[in-house]
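Please read the following account alongside the sequence and the coordinates, moving from single loop residues to a helix face and then to helix packing.

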Amino acid sequence: MKKMPVLLSTLLISAALAGCAEKEASSQPEEATAEPIDLQEEVDAYKEFAIEQMNEFVLETEKFTEAVKSGDMEKAKELYPLARMYFERSEPIAESFGDLDPRIDARLADIQEAGQGEENWSGYHKIEYGLWEENTTEGYAEVADQLLTDTKELRARVETVDVTPDLMVTGAVDLLNEVSTSKITGEEEIYSHTDLYDFQANVEGAEKIFRILEPEITEKDKALTENLETKFDALYALLDKHRTGENGFVSYEELTAEDTKQLSEAVNQLGEPLSQMGIIME
Amino acid sequence: MTSTDEKWLEKKISRRSMLKITGASAAGAAVLASGMGGVAKAFGFDILEDDATAQNKVRFYGKHQSGITTDTTTHVYFASLNVLVESQNELQELFKTWTPLAVRLMNGEQLEEMSQGVFTPPKDTGESIGLDASNLTITFGVGPSLFDNKKLGLGTKKPAELKELPHFPKDQIDDQYSGGDICIQACADDPQVAFHAVRNLVRAASGKVTLKWTQTGFTSMPKEKDKKATPRNLFAFKDGTVNPSPKNDTDMKEVVWVQPDDSQSWMTNGTYLVVRKIQMHLETWDRTSLKAQEDTFGRHRDSGAPIGKKNEFDEVDLDSKDTTGNPHISADSHMALARKVKDRILRRGFSYASGLIDETGAYDAGLLFISFQKNPQQFINIQNALGRADKLNEYITHRGSGVFACFPGVQKGSYIGEKLFNAF
């Protein structure tokens with residue numbers, strides 16, 4: 001049985017206690033109805049989504065690493081931001097693996113922060129450095145091979161993740177927090193400046209979680225669903241202003257301070273109601 | 001308000017905050033007690049009461065808003081907001097949402113009695129837990145741009161005198177610290193309480209407003225013979241010696257409170273807030289001789305007395321001369337110029353110190369000048385009189401500016417700004 005709305009349960013119990021002695025009425029009746037709600041279907045749906053994204057991530061990473069190894073700079077640069085979007089969409093799952101996540105997605109700054117040197121740096125951002133900063137693919141074949149191996153391992157291990165409703169709700173908010181703290185500042189893609197691709201993917205990842213939980217949310221608070229719809233629309237509309245080509249975005253460097261402020265505010269305005277999705281577990 | 005908001009309010013409102021239904025009926029409001037017998041509601045918002053038992057508390061309800069003639073506190077957090085709402089109805093709802101929250105904040109209460117569900121963020125950001133009301137006041141005002149926003153349909157209610165301030169000589173106004181659709185002035189004797197108030201009001205209005213600029217400020221009143229003395233600004237001069245007394249009703253009616261027929265009817269018992277962010281060049285000031293400092297203001301630094309006199313409140317005589325026949329108070333001193341104008345204003349300023357100016361490494365410090373007047377023209381006349389001549393100009397730069405129409409006070413059963421929305 002799903003947990004009764006608190007208001008209703010309190011009412012019922014208050015009525016039941018109406019004839020009782022004072023001291024009994026002062027006990028805390030709300031706890032009595034607490035029972036975990038069943039969100040297995042939603043959890044399964046999300047896991048399925050994550051696996052789909054990971055399958056695509058492996059395929060696209062394969063194409064990307066092939067381009068790097070064959071020295072096709074142009075192709076590699078084109079594939080780089082698109083392949084990463086599959087990873088960014090399912091980041092709440094991908095980052096459950098503390099060892100694999102940095103091997104695939106660490107920035108040099110992260111490595112240095114952890115007290116390690118450049119020799120420990122691997123993954124997408126290392127190749128990003130080669131492509132945009134050094135303007136070469138030479139010497140990156142090994143990094144590319146390792147990246148593909150790590151990506152495949154990530155895909156295999158996703159099956160084992162214990163997805164919970166809490167992970168979903170927290171994950172959705174975390175995706176937006178990622179945007180607020182690193183994408184909006186251009187710190188994620190400091191060489192390629194393809195931050196808006198990651199931005200879009202993070203928001204899509206958060207929206208997916210909302211869509212899966214939407215019926216539950218609507219049941220508890222219809223206004224919250226409506227509010228979230230509006231705020232997602234507003235954020236996507238802002239992002240659309242910075243699209244270029246078929247499925248691309250302009251460089252982060254083209255954004256003005258006013259642009260990033262608008263985007264940042266739209267993220268915050270979405271984040272507040274998004275953090276209320278936890279009501280489905282109350 | 002979302003239904004979840006209503007739920008937590010209904011569930012956890014403290015009993016002492018509840019309104020007696022009879023009181024609200026007298027106000028002509030259609031009041032219904034909720035099913036829980038909890039919070040009284042009128043027009044779909046919650047009516048809470050001032051908590052007479054709260055420590056260091058200023059009343060929310062009254063003829064005038066708090067934070068204007070109530071005692072000056074030691075801290076301010078001033079916020080200017082732009083609205084994101086797209087209709088008058090939404091704007092009205094925003095002020096209805098804010099009203100009970102403001103009462104709670106000024107009671108020194110949290111926005112919820114205790115942390116509720118663990119899977120959602122707490123309703124109250126919580127940094128004021130354990131602190132009392134700290135004489136918190138929250139003053140709301142609306143800027144000219146709100147009336148120019150066509151979507152809100154308030155154009156015909158814009159008072160003629162509510163317009164952005166003109167450019168004054170030597171102004172270096174930066175849009176980054178200027179204007180705004182709504183202002184919230186939160187004053188308290190604790191900086192954390194003041195900040196908490198604005199933070200939570202803005203958070204409760206997520207998606208409806210956005211912060212345009214904010215400024216913290218502080219001031220300290222030394223005690224002299226158990227009485228609060230005039231505070232000093234960062235140049236060490238007493239600031240506000242000639243201020244009218246907020247305790248003097250006649251003066252306040254003359255200087256501060258809009259009287260019937262003065263303006264648009266909804267402004268009666270309201271006032272205008274002028275805010276100026278004035279950078280004070282501390283480095284240059286600190287290498288200025290005491291004599292030059294005193295000549296700049298026209299007063300002695302330590303006593304605050306007019307030059308040539310002994311005490312702060314001694315009569316100012318612009319004609320008095322020293323033994324060599326020169327006037328004690330030079331004609332281009334700040335005080336001499338200010339006294340040429342008949343207009344009066346009620347000043348309620350604060351100092352600020354906000355880190356450094358990036359380009360120069362100088363202190364970003366100065367005066368968060370706030371004044372209240374029944375017509376912004378009073379301020380404009382004074383500022384024009386200071387003009388280019390003011391000796392003080394060499395040491396200060398006006399960087400931010402704003403003018404806001406502050407609503408009259410809120411009666412129990414009503415909400416902030418109701419008169420604006422219901423004016424004809």
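In this predicted model, a convenient place to begin is Val85(B), which lies in the loop that joins strand E4 (75-83) to H3 of chain B. Val85(B) has 19 other C-beta atoms within 10 Å and is therefore classed as partly exposed, given that a residue counts as buried only when 20 or more such atoms lie within that distance. Leaving aside residues up to four places away in sequence, Val85(B) touches Glu90(B), Leu91(B), Leu94(B) and Lys208(B). Val118(B), by contrast, is separated from Val85(B) by 33 residues in sequence and by 30 Å in space, taken from C-alpha to C-alpha.

Another loop residue of chain B is Lys247(B), placed between strand E9 (227-228) and helix H6 (249-255). Lys247(B) is exposed, because 9 other C-beta atoms lie within 10 Å of its own. Its C-alpha is 7.5 Å from that of Thr69(B), although 178 residues separate Lys247(B) from Thr69(B) in sequence.

Backbone conformation gives a further view of the loops. Ser134(B), which is not a glycine, nevertheless has a positive phi of about 50 degrees, and it sits in the loop between helix H3 (88-106) and strand E5 (137-142) of chain B. Is this residue, Ser134(B), buried or exposed? With 25 other C-beta atoms within 10 Å, Ser134(B) is buried. In chain A, Asn135(A) is likewise not a glycine and has a positive phi, of about 60 degrees, and it belongs to the loop between helix H8 (124-134) and helix H9 (141-158) of that chain. Asn135(A), however, has 9 C-beta neighbours inside 10 Å and so counts as exposed.

Returning to chain B, helix H10 (residues 376-386) shows how burial can be distributed around a helix axis. Its buried residues are Pro376(B), Gln378(B), Phe379(B), Ile382(B), Gln383(B) and Leu386(B). When H10(B) is viewed down its axis, these residues fall within an arc of 155 degrees, so they line one face of the helix. The spacing can be understood from the fact that an α-helix has 3.6 residues a turn, so residues three or four places apart point the same way. The elements that cover the buried residues of H10(B) include strand E10 (271-280), helix H9 (334-339), strand E13 (363-373) and strand E14 (396-406) of chain B. H10(B) is followed by Gly387(B), which has a positive phi, near 50 degrees.

Chain A can be introduced through its overall composition, which consists of 13 helices and two strands. Of its 282 residues, 39% count as buried, and among the contacts in chain A with a separation of 6 or more, 73% are between residues 24 or more positions apart.

Several helix pairs of chain A can now be examined in turn. Helix H3 (residues 40-69) and helix H4 (residues 73-89) of chain A pack with their axes 9 Å apart and at an angle of about 160 degrees, which makes H3(A) roughly antiparallel to H4(A). The crossing of H3(A) past H4(A) is left-handed. Residues of H3(A) in this contact include Phe57(A), Phe64(A) and Val68(A), while those of H4(A) include Leu79(A), Tyr80(A) and Phe87(A). By class, the contact of H3(A) with H4(A) comprises 11 nonpolar, two polar and five charged residues.

H3(A) also meets H11(A), the axes coming within 9 Å and crossing at roughly 150 degrees. H3(A) and H11(A) are therefore roughly antiparallel to each other, since angles over 145 degrees are classed in this way, and H3(A) passes H11(A) in a right-handed crossing. Here Glu42(A), Ala45(A), Tyr46(A) and Phe49(A) of H3(A) meet Lys208(A), Ile209(A), Ile212(A) and Leu213(A) of H11(A), a contact that divides into six nonpolar, no polar and two charged residues.

H11 (residues 195-220) in turn packs against helix H12 (residues 222-240) of chain A, with an angle of about 165 degrees and axes 11 Å apart. H11(A) and H12(A) are therefore roughly antiparallel to each other, and H11(A) passes H12(A) in a left-handed crossing. Among the residues that make the contact are Phe199(A), Val203(A) and Phe210(A) of H11(A), together with Leu228(A), Phe232(A) and Leu235(A) of H12(A). The contact of H11(A) with H12(A) has 10 nonpolar, three polar and three charged residues.

Definitions and conventions. Residues are numbered from 1 along each chain as its sequence is written. Chains are lettered from A and ligands numbered from 1 in the order in which they are written. This is a predicted model: local features need pLDDT of at least 70, side-chain atom pairs count only at pLDDT 80 or more; totals for chains, interfaces and linings use all residues. Axes are lines fitted to C-alpha atoms, for helices over the stretch in contact, and angles run from 0 to 180 degrees between N-to-C directions. Helices (H or I, at least four residues) and strands (E, at least two) are DSSP runs, numbered from the N terminus. Angles under 35 degrees count as roughly parallel, over 145 as roughly antiparallel, 65 to 115 as roughly perpendicular and the rest as oblique. A crossing is left-handed if the near helix is turned anticlockwise from the far one by less than a right angle, and right-handed if clockwise. Two residues are in contact if their C-beta atoms, placed from the backbone, lie within 7 Å. Ala, Val, Leu, Ile, Met, Phe, Trp, Tyr, Cys and Pro count as nonpolar, Asp, Glu, Lys and Arg as charged, and the others, Gly among them, as polar. A residue is buried if 20 or more other C-beta atoms lie within 10 Å of its own, exposed if 12 or fewer, and partly exposed in between; C-beta atoms are placed from the backbone. The arc is that of the directions from the helix axis to the C-beta atoms.
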